[in-house]
Amino acid sequence: MAISDVKEYTHLSAEEVEQLGRELDAIRQEVEESRDAGDAAYINRIIRVQRGLAAGGRVAMLASAYSKRAGRPALVAGAAMLGIAKILENMEIGHNVMHGQWDWMNDPEIHSSNWEWDTAQPAEQWKHSHNYIHHQFTNVLGHDNDIGYGILRMAREQKWHPMNLGQPVYNALLASLFQWGVALHDLDIERIRKGEKDPQEMKRQLRQILRKGRNQVLKDYVVYPALSGPAWRSTLKANMSANVARNLWSYVIIFCGHFPDGALHFTEEELEDETRAEWYLRQMLGSANFEGGRTLHILSGSLGYQIEHHLFPDLPSNRYPEIAVKVRALCEKYDIPYTIGPLHQQYGQALRTIIKLSVPNGWTSSDQPEPPSPVRDRRRRSDAERPSRRPELGGWSRSRERSAG
């Protein structure tokens, strides 16, 4: 579904789209002007907790090696603590720090230009593929490589190939090895395949990835197991379990924010002359949230507020709950879909899409809702029911905006 169709579905005039943009700008300004010591204390507290869990997990693993009585329980506890620490570091800390959410603090340790996270992809490459490419071209086919990560067909507009029959297998491998899949992301395999990638740049990136990946492997699978002495095998398995847990969790959270029913894909044509307000609208319609308590949201890097994150990727993550209330109110005001549901439901829909799109389109039906007729819908709604609207303007269209301009 193209965004032009969605604009007809939401019955927004050009003026209404721009007014929506102004109201979202006002939310941004309000948060920027109210950032204070409380926000700084939040991220510093999360970092202390994360480092405490990581250190505690390593100590517990070492203790398991030298205490027969506490051996296995300490090993399990150590693996669990380390897994949670890795999740926190990747999601709520690394991801958000590298978005520049805490740059306003002017703390060189917690700054997007300096942070190097505990995962295989170099921060420099992640900031290009994610911060720039993905967030600028969210869910735009042909631009956003996060749509299937180069190995999964996630939209019906993408051409089917017999290789797609293996999607359930590719998906399982991507989930369990997610940090390594992400590590290769900025290489842009599609551009390499087409011969469009600069060979020198590709070699430079590969050297970065190999160096970072080597350090990750040495840390988790050589150095720390060696410190455990005779119990090195148990520590190796515990470290592997922590990494797999982090990979699976990160994968689920990312897919829940981009591929449930209601998170739309767009065409390259929609980028033509796109205004800031239209960019806002595309972010809202191309993202999905999930419900949950505060602990769940922190462990997910606050990406349960994916809509708000895509609108304001560089605002502090601890402010997303309050921002979400205002964004949802705007969605109700402008009749814009606000896609949200339980975590299991959102992932279930994403998984169903992966399976259904492994076969040609004609074999399955689409789960995306078709936009109702704008003419029929306008007839159903009277002026009295929509006092804030100007129904005589009709549905929004790019051609109408140009002729009006």
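Which helix gives the largest share of the lining of the largest pocket? Keep that in mind for the second view; note too that this is a predicted model.

**View 1. The whole chain, mostly helices by count of elements listed: 17 helices and two strands.** Of the 405 residues here, buried ones make up 50%. Take the contacts in the chain with a separation of 6 or more, and 74% of them turn out to join residues 24 or more positions apart.

**View 2. The largest pocket and the helices around it.** H5 is the helix to look for: its five residues are the largest share of the lining. H5 (123-136) isn't alone, though, as H6 (167-176), H7 (178-183), H8 (189-193) and H9 (199-227) each chip in at least two lining residues as well. The volume of this pocket comes to about 1700 Å³.

**View 3. The middle of the largest pocket.** Zoom in and you'll find Asn145, Tyr149, Gly150, Ile151 and Glu190 nearest the pocket's centre, out of 45 lining residues. By class, the lining has 16 nonpolar, 13 polar and 16 charged residues.

**View 4. Where H6 meets H10.** H6, which also helps line the largest pocket, has an axis that comes within 7 Å of that of H10 (residues 232-258), and the two cross at roughly 120 degrees. That angle is why the pair counts as oblique. On the H6 side, the residues in contact are Asn171, Leu174, Ala175 and Ser176, while H10 brings Asn247, Leu248, Tyr251 and Phe255. Sort this contact by class and you get five nonpolar residues, three polar and no charged ones.

Conventions: Residues numbered from 1 in each chain as written. Predicted model: local features only at pLDDT ≥ 70, side-chain atom pairs only at ≥ 80, totals over all residues. Heavy atoms only, no water. 1 Å grid on protein atoms, 1.4 Å probe; cavity = no way out; pocket = protein on both sides within 12 Å on 5 of 7 lines; lining within 4 Å. Points joined across faces, edges and corners; volume = space filled by probe spheres on them. Helix = DSSP H or I, 4+ residues; strand = E, 2+ residues; numbered from the N terminus. Nonpolar A, V, L, I, M, F, W, Y, C, P; charged D, E, K, R; others polar. Axes fitted to C-alpha atoms, helices over the stretch in contact; angles between N-to-C directions. Parallel < 35°, antiparallel > 145°, perpendicular 65-115°, else oblique. Contact = heavy atoms within 4.5 Å. Buried < 20%, exposed > 50% of the residue type's maximum accessible area, 1.4 Å probe, protein only.
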